[in-house]
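Here is a friendly walk through a protein and DNA model. Have the sequence and the structure open side by side, and follow along one region at a time.

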There are 2 protein chains.
Amino acid sequence: MHSLVASASPVTNMHGLYLVADRGLSATGPVQHFAQNESIFSEGEAAEVFLKVTSGMVRSYRLLDNGRRQLDAFHAKGDVFGLEFGTEYNLSAEAVCDCTVVAYRLPKLEAQATIHDFLWQQLLSYMASALVQAKEHKKLLASRSAIEKIAGFLIEQSRLHQNGGVVQLLMSRTDIADYLGLTVETVSRTFAALKLLQLIEFSTARDIEIINADGLHQLCR
Amino acid sequence: MHSLVASASPVTNMHGLYLVADRGLSATGPVQHFAQNESIFSEGEAAEVFLKVTSGMVRSYRLLDNGRRQLDAFHAKGDVFGLEFGTEYNLSAEAVCDCTVVAYRLPKLEAQATIHDFLWQQLLSYMASALVQAKEHKKLLASRSAIEKIAGFLIEQSRLHQNGGVVQLLMSRTDIADYLGLTVETVSRTFAALKLLQLIEFSTARDIEIINADGLHQLCR
DNA sequence: CGCCGAGTTGACCATGTTCAAGGTGGGTGG
DNA sequence: CCACCCACCTTGAACATGGTCAACTCGGCG
């Protein structure tokens, strides 16, 4: 389903909607580079552009009054982020690792009449991708145990960053914790538990080898 | 923000997008009625139409292999649901209480060229609403304690179903539990705790009077 | 070498789940 | 009209899980 939405060639479905890839949008400038942990935009800033990841990974998050941080999403290559429906960004975005992004600007209000069908389709496609991602994330957040969340998270990541059976995690344990609503300690312990169960293997903390994919799937149901 | 998206008159924002209410869609038939707990559609069925609530409330949910149920959303009057980007519904939908809905069908593939701008805007608006709702839901699911979740849930509900300071909950404790990733027992105990803290009051389980709204807001941060 | 951030591990404690039992209220049938 | 039922809600006690606090390891880097 996700691949459908992100597909480069037009595809259709029962509702008759085409979902297409980049057409009708022009970048506002060259590709921008951001160093690890560098801020891309912050909550409350004027949302003048939206962005697409061309390499690396971006996290968008919200800081709560109580000092906790909630990660809303990880954005990998090809993902669009910062597309807002208010005048300001309602999340902050930072580079998870060194990364590059392109910025886009929508046609101005007065030019709205000239927005073409394929641009609407384009926007709709971005929204649909975001919605699918949000639903996946909700599935993880609603799990009742840490082991289900981490198993689900690893499966999610393995779909994106699989290099010959090894999943390259670009984010820190803290990032994972804030994404799943857990603490760093629990994340760490749960990775250890999965290793004990012989479902995964790892020498370095961020290169996870999936030994038993079926077992992982069983956990996250 | 939510009100912006659902607004009946066109509004604009920094990105220059109009978000509009119903235009360009025709219902496939008369308003349909569903009795409490009646199924509207099920996961896996062909997604031939999408629907809008005209009265009452609908829940969409997913059943997991382990027997648990995850509520994806409550849909109140005006909310659109069942708008899929695959050929089948990926959730099931049921009436929370007696309710009425209208069904819509998108123009067929061959007629796609005739989809007008305002229809694209319309669809985009639905997607945006769904995305905003999903983000709110994620905020609740990521909370670390039951009391934060319930407080946030009550605030969410009070924005929809406030009748003179009293929030009318249309759904059961079980529904709330499955929506927040808790057990019925915890939901019940947490309502009792909020009552003890003098933040809410209730004689019947589903008519919740909010005594101290500020206190509730403080809890969910 | 020493520092520092990231990750891990342990012990203790708070919170939520589980299992079990009891209330409560609306609806039905005698 | 009352008695009964059943679904829904509440409450209690024991237990499991994850959070908290603290110490320790590891690897990179000046």
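B:F41 and B:Y89 are both buried, where buried means under 20% relative accessible area, exposed over 50% and partly exposed in between, with a 1.4 Å probe and protein chains only. This is a predicted model, in which local features need pLDDT of at least 70 and side-chain atom pairs count only at pLDDT 80 or more, while totals for chains, interfaces and linings use all residues. Residues are numbered from 1 along each chain as its sequence is written, chains are lettered from A and ligands numbered from 1 in the order in which they are written, and side-chain values use heavy atoms, with hydrogens and water left out.

In chain A, A:F41 and A:Y89 are likewise buried. The rings of B:F41 and B:Y89 are stacked, at 3.8 Å centre to centre with 15 degrees between the planes. For such pairs, ring centres of Phe, Tyr and Trp (its six-membered ring) lie within 6.5 Å; planes under 30 degrees apart count as stacked, over 60 as edge-to-face and the rest as tilted. B:F41 belongs to strand β2 (residues 39–41) of chain B and B:Y89 to the loop between β6 (80–81) and β7 (92–95) of chain B, so their pairing ties together parts that are 48 residues apart in sequence. Helices (H or I, at least four residues) and strands (E, at least two) are DSSP runs, numbered from the N terminus.

Over all chains, the structure holds 16 aromatic pairs. One of them is the stacked pair of A:F41 and A:Y89, with 3.8 Å between centres and 15 degrees between planes. A:F41, A:F81 and A:Y89 form one aromatic cluster.

Rings also meet charges here. B:R173 lies over the face of B:F191, 4.2 Å from the ring centre, and A:R69 lies over the face of A:Y61 at 5.8 Å. A charge sits over a ring if NZ of Lys or CZ of Arg is within 6 Å of the ring centre and within 35 degrees of the ring normal.

B:R173 also leads us to the DNA. Among the 18 residues around DNA strand D, the nearest are A:A146, A:T186, A:R189, B:R173 and B:S188; a residue is near a molecule or strand if one of its heavy atoms lies within 4 Å of it. Sugar and phosphate make up 62% of the strand D atoms that come within 4 Å of the protein. Helix α5 (184–196) of chain A and α5 (184–196) of chain B each supply at least two residues of this surface, and α5(B) gives the largest share, 4 residues.

Now look at individual polar contacts, pairs of N or O atoms within 3.5 Å; within protein, one must be able to donate a hydrogen and the other to accept it, and residues adjacent in sequence count only if both atoms are side-chain atoms. B:S188 places a polar side-chain atom 2.7 Å from a phosphate oxygen of strand D, while a side-chain N or O atom of A:R189 is 2.7 Å from a base oxygen of that strand.

For DNA strand C, A:R173, A:S188, B:A146, B:T186 and B:R189 come nearest of the 18 residues around it. Here α5(A) supplies the largest share of the surface, 4 residues. The side chain of A:S188 has an N or O atom 2.7 Å from a phosphate oxygen of strand C, and a polar side-chain atom of B:E185 lies 3.1 Å from a base nitrogen.
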